[in-house]
Amino acid sequence: MSNKEHGKNQHVVPNRKNGGWSVKGEGNTKSTQNTDTKAEAVKIGRKIATNQNSELFIHGKDGKIQSRDSHGHDPYPPKG
């Protein structure tokens, strides 16, 4: 990938069906990986997002986005 290309944004979400947490590529219906802990899912999601120059969205148990990290594709980079 060139610097301008990026892969799918990654989402760390609660796994409502099986418990634990899931890492999902944006728009995917299936999880890329399921984990027992949120920390484990964040670590995996961050690695994928870094490799794909995309963003990582971390959701809370309520499903709402708690935080996001940009790994090469920030649609709103800081000025200056």
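In what order do the five strands of the open sheet stand? In this predicted model, the order is E3-E2-E1-E4-E5, and the pairing within the sheet is mixed.

**View 1. The open sheet of five strands and its edges.** Strand E3 (33-35) and strand E5 (65-70) stand at the edges, and because each has a single partner strand, one side of each is left without a neighbour in the sheet. Neighbouring strands of the sheet are turned against each other by 20° on average when direction is ignored. Helix H1 (residues 38-52) packs on this sheet, where the helix touches E1, E2, E3, strand E4 (55-59) and E5, and the direction of H1 makes about 160° with that of E4.

**View 2. The hairpin of E1 and E2, and the pairing of E2 with E3.** Strands E1 and E2 form a hairpin with six residues between them, and in the turn Gly-19 has a positive phi of about 80°. The two strands run antiparallel, and five bridges join E1 to E2 (residues 21-25). Among the residues paired in this way, Pro-14 has Trp-21 of E2 as its bridge partner, and Val-13 has Ser-22 of E2 as its partner. E2 is also joined to E3 by three bridges, again in an antiparallel arrangement, and here Val-23 stands opposite Gln-33 in E3. Four of the five residues of E2 are buried, so this strand is largely enclosed by the rest of the structure.

**View 3. The surroundings of His-11 in strand E1.** His-11 lies in strand E1, which spans residues 10-14, and with a relative accessible area of 15% this histidine is counted as buried, because that value is under the 20% cut-off. The side chain of His-11 is joined to that of His-59 by a polar contact of 2.9 Å, and a polar contact of 3.1 Å joins the side chains of His-11 and Glu-26. Leaving aside the neighbours within four places in sequence, the residues in contact with His-11 are Ser-22, Val-23, Lys-24, Glu-26, Phe-57 and His-59. The C-alpha atom of His-11 is separated by 8.7 Å from that of Val-42, although these two residues are 31 residues apart along the chain.

**View 4. Helix H1 and its buried residues.** The helix has 15 residues and reaches 21 Å from its first C-alpha to its last, close to the 21 Å expected at 1.5 Å a residue. Which residues of H1 are buried? They are Ala-41, Val-42, Ile-44, Gly-45, Ile-48 and Ala-49, and what covers the buried residues of H1 includes E1, E2, E3 and E4. An α-helix has 3.6 residues a turn, so residues three or four places apart point the same way. The helix is followed by Asn-53, whose phi is positive, near 50°.

**View 5. The salt bridge of Arg-46 and Asp-69.** The count of salt bridges in the model comes to two, and in one of them the side chains of Arg-46 and Asp-69 meet at 2.3 Å, N to O. Arg-46 lies in helix H1 and Asp-69 in strand E5, so the pair ties together parts that are 23 residues apart in sequence. Arg-46, at 34% relative accessibility, counts as partly exposed, and Asp-69, with a relative accessible area of 23%, is likewise partly exposed.

**View 6. The salt bridge of Arg-68 and Glu-55.** How far apart, N to O, are the side chains of Arg-68 and Glu-55 where they meet in a salt bridge? The value is 2.8 Å. Because Arg-68 lies in strand E5 and Glu-55 in strand E4, this pair ties together parts that are 13 residues apart in sequence. Arg-68 is partly exposed, with a relative accessible area of 40%, whereas Glu-55, at 3% relative accessibility, counts as buried.

Technical notes
Residues are numbered from 1 along each chain as its sequence is written. This is a predicted model: local features need pLDDT of at least 70, side-chain atom pairs count only at pLDDT 80 or more; totals for chains, interfaces and linings use all residues. Side-chain values use heavy atoms; hydrogens and water are left out. Buried means under 20% relative accessible area, exposed over 50%, partly exposed in between (1.4 Å probe, protein chains only). A polar contact is a pair of N or O atoms within 3.5 Å; within protein, one must be able to donate a hydrogen and the other to accept it, and residues adjacent in sequence count only if both atoms are side-chain atoms. Contact means heavy atoms within 4.5 Å. Two strands pair if DSSP finds at least two bridges between them. Axes are lines fitted to C-alpha atoms, for helices over the stretch in contact, and angles run from 0 to 180 degrees between N-to-C directions. A salt bridge is a side-chain nitrogen of Lys or Arg within 4 Å of a carboxyl oxygen of Asp or Glu. The expected span of a helix is 1.5 Å times one less than its number of residues.
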